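Visitor: Please give me a close look at one part of this model: how its chains sit against one another. I would also welcome a tour of the fold behind those contacts.

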Protein chains: 4
Amino acid sequence: MLTAWAVADVGQEEDFEAAKEKALKVGATKVIIQDLRKEFVEEFCFPAIQCNAIYENVYLLGTSLARPVIARAQIAVALQEGCFAVSHGCTGKGNDQVRFELAFYALKPDIKVIAPWRLPVFYERFAGRNDLLEYATKCGIPVSQTKAKPWSMDENLAHCSYEAGILEDPDMTPLRDMWKLTVDPEDAPNKPEDFTVHFEKGLPVKLVVGDKTITDPLELFLAANTIARNHGVGRIDIVENRFIGLKSRGCYETPGLTILRSAHIDLEGLVLDREVRALRDQFVTYNYSKLLYNGLYFSPEREFLEGAILASQTTVNGTVRCRAYKGSLQILGRSSETEKLYDMTESSMDEIGDFAPSDSTGFIAVQAIRLKKYGKKKLEAGEKL
Amino acid sequence: MLTAWAVADVGQEEDFEAAKEKALKVGATKVIIQDLRKEFVEEFCFPAIQCNAIYENVYLLGTSLARPVIARAQIAVALQEGCFAVSHGCTGKGNDQVRFELAFYALKPDIKVIAPWRLPVFYERFAGRNDLLEYATKCGIPVSQTKAKPWSMDENLAHCSYEAGILEDPDMTPLRDMWKLTVDPEDAPNKPEDFTVHFEKGLPVKLVVGDKTITDPLELFLAANTIARNHGVGRIDIVENRFIGLKSRGCYETPGLTILRSAHIDLEGLVLDREVRALRDQFVTYNYSKLLYNGLYFSPEREFLEGAILASQTTVNGTVRCRAYKGSLQILGRSSETEKLYDMTESSMDEIGDFAPSDSTGFIAVQAIRLKKYGKKKLEAGEKL
Amino acid sequence: MLTAWAVADVGQEEDFEAAKEKALKVGATKVIIQDLRKEFVEEFCFPAIQCNAIYENVYLLGTSLARPVIARAQIAVALQEGCFAVSHGCTGKGNDQVRFELAFYALKPDIKVIAPWRLPVFYERFAGRNDLLEYATKCGIPVSQTKAKPWSMDENLAHCSYEAGILEDPDMTPLRDMWKLTVDPEDAPNKPEDFTVHFEKGLPVKLVVGDKTITDPLELFLAANTIARNHGVGRIDIVENRFIGLKSRGCYETPGLTILRSAHIDLEGLVLDREVRALRDQFVTYNYSKLLYNGLYFSPEREFLEGAILASQTTVNGTVRCRAYKGSLQILGRSSETEKLYDMTESSMDEIGDFAPSDSTGFIAVQAIRLKKYGKKKLEAGEKL
Amino acid sequence: MLTAWAVADVGQEEDFEAAKEKALKVGATKVIIQDLRKEFVEEFCFPAIQCNAIYENVYLLGTSLARPVIARAQIAVALQEGCFAVSHGCTGKGNDQVRFELAFYALKPDIKVIAPWRLPVFYERFAGRNDLLEYATKCGIPVSQTKAKPWSMDENLAHCSYEAGILEDPDMTPLRDMWKLTVDPEDAPNKPEDFTVHFEKGLPVKLVVGDKTITDPLELFLAANTIARNHGVGRIDIVENRFIGLKSRGCYETPGLTILRSAHIDLEGLVLDREVRALRDQFVTYNYSKLLYNGLYFSPEREFLEGAILASQTTVNGTVRCRAYKGSLQILGRSSETEKLYDMTESSMDEIGDFAPSDSTGFIAVQAIRLKKYGKKKLEAGEKL
């Protein structure tokens with residue numbers, strides 16, 4: 001049987017030559033390495049920034065974002081090579097199996113998926129990663145998870161994740177040398193680094209740091225990564241709820257995305273209408289994040305929500321000045337040449353402007369109608385407020 | 001006319017004796033100083049922690065939380081002293097006038113409110129804070145906003161806010177010496193500080209730092225403040241949307257609340273059911289925060305939502321280990337003796353447990369039904385996914 | 001002073017000549033009558049059908065829909081005639097003043113609005129409608145609200161509303177002869193009437209009834225009206241919550257809109273993806289309806305939501321067969337030639353199709369993971385489920 | 001092997017003696033018939049009324065409501081009889097398998113479930129209902145679905161459902177004699193029937209019709225059924241989205257529940273605060289309905305949401321007068337002796353009351369701030385509104 005081995009370059013710092021050799025060694029008849037970094041940034045990371053995507057308040061979805069772009073490339077290879085099936089190496093308890101397979105099925109509804117970790121012939125022989133590590137050692141297959149690094153990693157240009165192994169104890173603090181992308185905040189430079197991000201329609205279009213100005217999306221994203229990595233920005237450690245219904249502990253570093261998302265949120269304060277922002281937060285951000293996490297990228301609801309993202313971002317144009325320092329990001333200021341929702345004179349407490357203070361009296365009086373009734377009833381009932 | 005001057009001690013670092021003197025000097029016939037710190041922490045700050053309250057993704061509502069407790073005490077004083085009206089010093093463009101007055105009206109529906117900044121006799125004479133500062137200087141009335149500190153502040157034990165004056169330019173970075181509560185992260189100790197927060201039903205019940213163990217709510221909150229202030233944790237700088245429809249720039253430091261809220265969110269990852277968390281996030285957190293911001297604390301909807309908060313927190317019991325360092329907070333680990341939603345064995349990638357990997361196949365197959373149809377239609381229509 | 005009197009024809013059954021005469025008689029220097037029916041149906045009623053707009057579960061927003069189209073025409077007349085101000089006759093306690101004025105201000109931010117009912121010179125002289133009726137009688141100004149019809153009406157081609165007067169007692173059943181548009185269900189024909197509505201992208205594009213086929217939007221809407229009016233379909237009687245914070249009792253008849261909206265909802269069952277529908281229901285329908293009711297049609301959020309409506313309706317193509325009879329509407333069947341989400345074979349309980357029943361076992365097992373934990377905890381705690 | 005056969009009486013009009021005989025005939029060693037009607041009404045139907053439960057705008061969840069009460073009784077029997085497993089007869093494509101099994105697993109996490117329709121030994125032999133009908137005929141097992149009634153039914157005291165068979169064509173109008181519970185509206189009496197429903201805390205506590213007054217919950221529910229059945233109220237015919245991801249056509253008659261839910265919604269207009277109602281609608285009603293439909297009754301989220309339902313209903317006290325006629329329900333009026341949110345004088349257009357019309361001016365002016373900015377930008381951009 002011919003086996004095409006597709007390796008997606010989504011920005012992980014990997015030795016692709018070694019990967020190729022390993023693939024050929026374990027039986028691949030053909031190895032195809034594709035650079036997906038540009039489409040990964042432009043089609044997946046940037047919309048996530050546009051809608052401030054976040055799962056369960058903290059997780060920036062670094063792995064979730066990469067799965068659909070990988071799956072799409074894998075199906076393209078499968079079509080090109082005439083494969084009768086595609087495969088993946090995800091376990092049967094995690095989110096990634098769902099993300100890969102739902103993408104496969106949406107992209108090619110008649111595809112056959114082989115998931116070895118869910119085949120009794122495999123899982124009855126290998127009870128877990130340890131058994132597999134032993135088997136790999138025995139057979140001379142090189143693997144990155146080792147006894148010295150007793151956890152599992154997933155890396156791409158947006159993030160690196162760490163889970164399983166010793167991390168399964170949620171009270172076990174990650175070892176200092178586990179983190180791969182970012183320096184430990186304690187080891188970060190004592191001098192802060194300032195930079196500026198420019199947005200158009202909610203998309204980062206220019207990053208200025210020192211004497212460098214970057215506009216290419218991929219380069220811009222990588223430059224944001226460099227800043228954040230140098231200053232230890234973007235680490236989190238959480239227990240999250242998998243789609244599959246289990247809780248799971250994960251450590252993530254998401255350097256550049258953390259910076260760009262925070263800058264975007266800040267700019268929206270200046271230029272986005274209050275009600276549009278509120279609807280977008282409650283409806284688009286929440287649900288877009290959830291569908292990414294659950295592997296429903298190629299779905300009618302993603303198409304629907306992306307229409308809403310676009311509709312929300314027409315005014316998100318402007319510039320945010322930021323500072324990275326010892327693990328944290330600080331906003332220094334923001335401005336927009338085109339948007340005028342914020343009006344210094346009008347907001348000013350020092351000027352009356354064309355706003356009649358007495359209007360507020362009426363505004364409050366009307367808001368109070370309902371509350372006076374409520375208060376009256378409480379008083380009559382002798383209930384304390 | 002007799003004028004009772006009520007001063008609420010909500011933890012601001014103020015010279016209450018001086019305040020009393022000032023009040024008597026400007027015409028008060030009686031000055032009543034009340035320590036509201038305990039009820040402020042227990043009735044207002046703690047529920048905010050329980051539901052992770054946050055406005056527009058970033059603002060922790062430090063001012064909003066204090067207004068209702070002050071208003072309630074003010075109405076109590078008004079009743080006790082037989083006042084025919086209450087007054088406040090808020091401008092006619094801000095949120096605080098709304099927050100105070102809606103609380104007044106709910107607590108005593110027939111109260112008369114005097115809002116000098118909205119009376120033509122005043123606002124036609126004094127166009128803004130600058131005119132008032134001059135007038136105060138002329139009359140020898142001491143005020144904290146000065147030419148040297150050209151901004152307005154509001155402080156309580158949960159936070160200190162800075163707005164107006166030179167901050168009205170949203171691109172003006174706050175001066176280093178503006179911040180009052182927290183040290184500049186760059187000046188914070190080079191050594192991190194670790195501590196542990198214990199929660200019961202979502203409320204912080206014990207804080208352990210060094211060899212100290214604090215359980216009294218007020219003391220606990222103040223201890224969290226001390227840690228965060230020493231390490232520069234809890235500063236933000238935003239442009240927000242006022243209830244009144246204007247955008248406004250505010251800088252806030254919210255030291256202890258930032259820490260306790262983050263620890264609470266982390267613990268929920270371990271002990272709160274996924275669906276309860278999701279519903280709480282999307283509806284309770286969002287709406288409770290919004291009503292706090294808009295001054296609707298004494299309202300039917302707050303009573304309704306507080307019922308929902310309580311219903312959501314029965315399982316939020318456990319301990320979170322944290323680290324403060326140079327402006328950021330890091331979670332080191334978490335555990336719970338009573339809650340068992342997280343199960344290391346079960347989540348483990350290294351063991352099969354009583355979970356059949358093949359179940360995931362069925363789960364994915366069913367989830368895919370809808371997506372296969374979607375993909376098929378796209379293929380037929382020749383649309384790219 | 002020259003006073004242009006603009007009369008909007010939004011389909012109300014009014015004697016426009018008489019209106020003109022009355023206007024000239026009471027002082028108008030120019031009377032402009034505009035037929036807005038086409039734009040009212042196409043730009044306002046149809047999007048409402050597309051998103052199933054409804055306020056507080058029951059009210060189909062007949063008045064709310066007409067206000068923005070009237071306000072837009074009025075501003076256009078004001079511009080054309082060089083008016084320094086516009087006016088309206090709404091009371092100071094209702095929704096319509098808000099709807100008209102917010103539209104005026106959005107369309108022409110510097111417009112001056114004269115609202116006589118809120119001017120002390122008027123409201124101190126006339127305490128309510130009764131005083132005005134008397135004054136009108138005295139001055140010979142003809143008005144439609146009379147002693148014989150002691151309520152207030154608002155009519156357009158989408159609906160007729162009845163409120164105030166004797167209807168202010170919420171327990172007072174409307175008089176049989178109050179209803180203007182629809183026949184009393186008890187007087188409706190004993191024979192049902194069947195008809196078919198065709199939709200494209202969520203818009204009604206063809207109505208077939210008897211041997212008539214109507215495709216023009218305005219004609220189609222009027223034909224739907226005719227059917228519903230003849231059979232007494234579309235009456236409601238509610239107590240609703242005004243934007244202004246008061247509760248209010250209203251009786252509404254909304255004949256054609258009731259029919260077209262119901263048919264649209266039914267078709268969505270057949271052709272709209274489950275998740276798109278759920279998101280649309282919870283966010284778009286709810287918020288679009290609320291903003292219509294509150295008079296925020298010309299707003300950033302409406303523009304945002306209309307983007308979302310369009311994104312949701314691409315698949316809403318098909319035909320619904322309906323029956324009107326004695327006050328109720330019944331769906332007889334539905335079909336679509338283009339959409340294939342519903343698949344008889346696949347849904348059939350009588351065939352296995354390419355669906356493996358065992359997949360459901362896995363689906364259920366995975367869904368049960370979380371619930372088993374919940375059940376186990378309840379059992380351990382001795383709590384009954 | 002001993003086989004206990006449990007028959008739940010949830011109000012279906014069934015010959016329980018015949019059911020018993022049939023069970024014994026096909027191999028049951030013991031038949032246990034339990035009357036669950038009271039707990040079905042009180043614990044399941046009434047909370048559904050309290051929160052106006054509805055799925056996808058139209059379906060009142062009659063089947064979904066009965067599954068958990070049946071499952072709970074079945075598990076109780078299983079425990080009492082020492083069963084090692086429970087079973088059900090649901091197909092592998094529907095919702096009911098999910099509803100039963102998720103309930104079983106929550107109630108007794110270690111239970112074994114036997115689902116014959118998902119066992120290859122069965123589904124490979126019997127491809128669908130037709131094969132089973134033939135087999136039943138051959139073996140002399142009496143079944144209610146016959147060649148003459150080519151559809152499947154599920155009945156309980158809240159509703160009767162019809163699906164599958166000839167109904168699988170969504171454009172096939174149900175036969176006139178299919179409907180079992182309600183008379184055809186065309187055959188309903190020519191005289192309307194009036195009645196009154198009284199609610200306390202959102203629960204129906206008294207129904208008065210003619211000279212009868214009913215207060216017992218079960219009797220009250222049955223009386224509502226009688227009225228609605230006689231007048232053909234409560235039929236619907238829809239295409240819905242199953243949890244399993246398939247679309248499905250169902251016809252339902254839900255007589256009494258339709259009436260009681262409509263009366264409840266009407267009363268809420270009079271007595272429920274606007275904001276509580278809005279939050280409840282968007283959050284509790286939507287999600288409670290969805291979890292019922294998806295079989296997640298015994299879940300943390302249901303417990304959470306039921307807390308919220310209770311918190312929302314404290315003021316829902318009052319009386320609604322209704323009329324049933326020829327398939328439709330009409331509200332004649334409503335009143336409350338205890339709740340005072342609605343105030344005739346205050347809402348009246350005919351009196352000023354203690355409300356200053358000029359307050360509305362301020363209210364509108366403040367609401368307009370944001371919209372004027374929006375309008376100004378549109379004008380500057382030359383975009384039409």
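**Two axes and a sheet**

Guide: Let's begin with chain C, which superposes on chain A through a rotation of 180° with 0.0 Å of shift along its axis, at an RMSD of 0.0 Å (a least-squares fit on C-alpha atoms of residues with pLDDT of at least 70 in both copies). Within chain C, Ala308(C) has the C-alpha nearest that axis, 2.6 Å away. Please keep in mind that this is a predicted model, where local features need pLDDT of at least 70 and side-chain atom pairs count only at pLDDT 80 or more, while totals for chains, interfaces and linings use all residues. Residues are numbered from 1 along each chain as its sequence is written, and chains are lettered from A and ligands numbered from 1 in the order in which they are written.

Now to the contact itself, to which chain C and chain A contribute 21 residues each (residues are in contact if their C-beta atoms, placed from the backbone, lie within 7 Å). On the chain C side, α9 (274-293), α10 (300-312) and α12 (357-381) each supply at least two residues (helices are DSSP runs of H or I of at least four residues, strands E runs of at least two, numbered from the N terminus). The largest share belongs to α10(C), with seven residues. By class, this side holds eleven nonpolar, six polar and four charged residues (nonpolar: Ala, Val, Leu, Ile, Met, Phe, Trp, Tyr, Cys and Pro; charged: Asp, Glu, Lys and Arg; polar: the others, Gly among them). The copies meet through the same surface, since 100% of the interface residues of chain C are also interface residues in chain A.

Chain B is the next partner. A turn of 180° with a shift of 0.0 Å along the axis lays chain B on chain A, with an RMSD of 0.0 Å, so these two copies are related as by a two-fold rotation axis. Here 85 residues of chain B touch 84 residues of chain A. Helix α12 (residues 357-381) of chain B gives the largest share of its side, twelve residues, and the side as a whole has 38 nonpolar, 24 polar and 23 charged residues. With 99% of the interface residues of chain B also being interface residues in chain A, these copies too meet through the same surface.

Inside chain B, have a look at the open sheet of five strands, ordered β9-β8-β7-β12-β13 with antiparallel pairing (a pair needs at least two DSSP bridges). Its edges are β9 (212-214) and β13 (328-335) of chain B, each pairing on one side only. Neighbouring strands are turned by 25° on average, direction ignored (axes are lines fitted to C-alpha atoms, for helices over the stretch in contact; angles run from 0 to 180 degrees between N-to-C directions). Six bridges join β7 (residues 193-200) and β8 (residues 203-209) of chain B in the antiparallel sense, and Phe195(B) stands opposite Val209(B) in β8(B). Two helices pack on these strands. Helix α7 (residues 217-230) of chain B lies across β7, β8, β9 and β12 (318-325) of chain B, at about 50° to β8(B). Helix α8 (residues 255-271) of chain B touches β7, β8, β12 and β13 of chain B, its direction making about 135° with that of β12(B).

Stepping back to chain A, you will find twelve helices and 13 strands, with C-alpha atoms filling a box of roughly 80 × 60 × 40 Å along the principal axes. Of contacts in chain A between residues at least 6 apart in sequence, 71% join residues at least 24 apart.
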